[in-house]
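Thanks for coming, everyone. Let me put the model on the screen and walk you through it.

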Amino acid sequence: VVGESRIRGLWFKPDGTEMFVHGTGGDRVRRFTLTTPWDITTTSFVHTSSSMGAYPHSLFLKPDGTKLFSTDSSGDRIKQWNLTTPFDVS
């Protein structure tokens, strides 16, 4: 359903209306909307964001949606992205 193999990270917008997923099958974050908050059977694909690096391991969005953080297998760093539009990972 989410178009990603071996999911490594999952995060929900605090109100449950959006879900963000990434895994080892790609290096991107996939964003979904949920018609019914917190009900993953009501997801619709929205967008795939910029590269997160090789084999992403974790994902975290700041609660206000203005920053995205991730780690991957390429080193000992935490990557950070500033999101101009909150929760828009494109």
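How many salt bridges does a search of the whole structure find? Four. Keep in mind that this is a predicted model.

Start with arginine 31. Arginine 31 sits in strand 3. One of its salt bridges goes to glutamate 18, with the closest N and O atoms 2.8 Å apart. This pair links distant parts of the chain. Arginine 31 is in strand 3, glutamate 18 is in strand 2, residues 18–23, and 13 residues separate the two. Buried or exposed, arginine 31 and glutamate 18? Both are buried. The two side chains also count as a polar contact, again at 2.8 Å.

Now the other partner. Aspartate 88 forms a salt bridge with arginine 31 too, and here the closest N and O atoms are 3.8 Å apart. Aspartate 88 lies in the segment after strand 7, which spans 79–82, while arginine 31 lies in strand 3, so this pair ties together parts 57 residues apart in sequence.

How do the two ends of that bridge compare for burial? Aspartate 88 has a relative accessible area of 26%, so it is partly exposed, because buried requires under 20%. Arginine 31 has 15%, so it falls under that 20% cut-off and counts as buried.

Arginine 31 has one more contact to show you. Its side chain reaches the backbone oxygen of phenylalanine 87 at 3.5 Å. Hold on to phenylalanine 87; we will come back to that residue.

Step back to the network. Which residues are linked in a network of salt bridges? Lys13, Glu18, Arg31 and Asp88.

Another salt bridge joins aspartate 64 and lysine 62, with the closest N and O atoms 3.7 Å apart. Aspartate 64 is partly exposed, at 37% relative accessible area. Lysine 62 is partly exposed as well, at 32%.

On to the rings. A search of the whole structure finds six aromatic pairs. One of them is tryptophan 11 with phenylalanine 20. The centres are 5.8 Å apart and the planes meet at 50°, a tilted pair. Both of these residues are buried.

Next, tryptophan 11 with phenylalanine 87. Why is this pair stacked? The ring planes are at 20°, and planes under 30 degrees apart count as stacked. The ring centres are 5.9 Å apart. Tryptophan 11 is in strand 1, residues 7–12, and phenylalanine 87 is in the segment after strand 7, so the pair ties together parts 76 residues apart in sequence.

Why do we call tryptophan 11 buried? Its relative accessibility is 11%, and the cut-off is under 20%. Phenylalanine 87 has 8%, so it is buried by that cut-off too.

Put the ring pairs together and Trp11, Phe20 and Phe87 link into a cluster. And phenylalanine 87 is the residue whose backbone oxygen the arginine 31 side chain reaches. So much for the rings of that cluster.

One more residue: tryptophan 38. Where is tryptophan 38 found? In the loop between strand 3, residues 28–34, and strand 4, residues 43–51. Leave aside neighbours within four places in sequence, and tryptophan 38 is in contact with Phe12, Lys13, Pro14, Asp15 and Gly16. Take proline 14 from that list. Tryptophan 38 and proline 14 are 24 residues apart in sequence, and their C-alpha atoms are 9.6 Å apart in space. Lysine 13 is on that contact list, and Lys13 also belongs to the salt-bridge network.

Last, the chain as a whole. The secondary structure comes to zero helices and seven strands. From the N terminus on, the order is β-β-β-β-β-β-β. The chain has 90 residues, and buried ones make up 36%. It exposes about 5,100 Å², with carbon and sulfur atoms supplying 53% of that. Take the contacts between residues at least 6 apart in sequence: 30% of them join residues at least 24 apart.

To recap, in two points. Arginine 31, a buried residue, bridges to glutamate 18 and to aspartate 88. Tryptophan 11 pairs with phenylalanine 20 and stacks with phenylalanine 87. That's it from me.

Definitions and conventions: Residues numbered from 1 in each chain as written. Predicted model: local features only at pLDDT ≥ 70, side-chain atom pairs only at ≥ 80, totals over all residues. Heavy atoms only, no water. Helix = DSSP H or I, 4+ residues; strand = E, 2+ residues; numbered from the N terminus. Buried < 20%, exposed > 50% of the residue type's maximum accessible area, 1.4 Å probe, protein only. Contact = heavy atoms within 4.5 Å. Areas by Shrake-Rupley, 256 points an atom, 1.4 Å probe, with all protein chains shown as cover. Polar contact = N/O pair within 3.5 Å; in protein donor to acceptor, adjacent residues only side chain to side chain. Salt bridge = Lys/Arg side-chain N within 4 Å of Asp/Glu carboxyl O. Phe/Tyr/Trp six-rings, centres within 6.5 Å; stacked < 30°, edge-to-face > 60°.
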